[in-house]
Amino acid sequence: MNPLVLSLFPGGGVLDHAFDLEGFVVVRGPDPIWGGDVGTFHPPVGRFDGVIGGDPCQTHSALANLVRAKGLEPTFPDLTGQYERVVDECQPAWFLRENVPKAPEIKPAGYDVKSFM
């Protein structure tokens, strides 16, 4: 049986497509781009082999600095905690989170987290 992967914040599905091509079965979770609300999403425990995706990066990107330089505060929500919560809740064997370099690291309990830049 092919590994079952939950994709968080799938957006246009580019990362999903790469996993599809490698034989994974990808289930797409809710995405704010398409009106989904990850805050109300609760995945089943032990169902997914892995979790992939990247929470929206706008609050941690250079874009946020440009907005702040104009005396404004970015209106993009920081969903880092939601990504970590979903990983904690569904307890996959592994997860892959992509984000910008200034995004805060997550450290779900029970995982050895490594960063690659």
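In what order do the elements of the protein run from the N terminus on? The order is β-α-β-β-α-α-β, made up of three helices and four strands, where helices (H or I, at least four residues) and strands (E, at least two) are DSSP runs numbered from the N terminus. The model is predicted, with local features requiring pLDDT of at least 70 and side-chain atom pairs counting only at pLDDT 80 or more, while totals for chains, interfaces and linings use all residues. Residues are numbered from 1 along each chain as its sequence is written, and side-chain values use heavy atoms, with hydrogens and water left out.

The C-alpha trace spans about 55 × 30 × 30 Å along its principal axes. Of the 117 residues, 36% are buried (under 20% relative accessible area, with a 1.4 Å probe and protein chains only).

The largest pocket (an open set of points on a 1 Å grid over the protein atoms alone, where a 1.4 Å probe fits, with protein on both sides within 12 Å along at least five of seven lines) is lined by 20 residues, lining residues being those with an atom within 4 Å of a point. Arg97, Val113, Lys114, Ser115 and Phe116 lie nearest the centre of this pocket.

The second largest pocket is lined by 21 residues, of which Phe9, Asp31, Ile33, Gly54 and Pro56 lie nearest its centre. Helix 1, covering residues 14-21, gives the most to the lining of this second pocket, with three residues.

Notes
Buried < 20%, exposed > 50% of the residue type's maximum accessible area, 1.4 Å probe, protein only.
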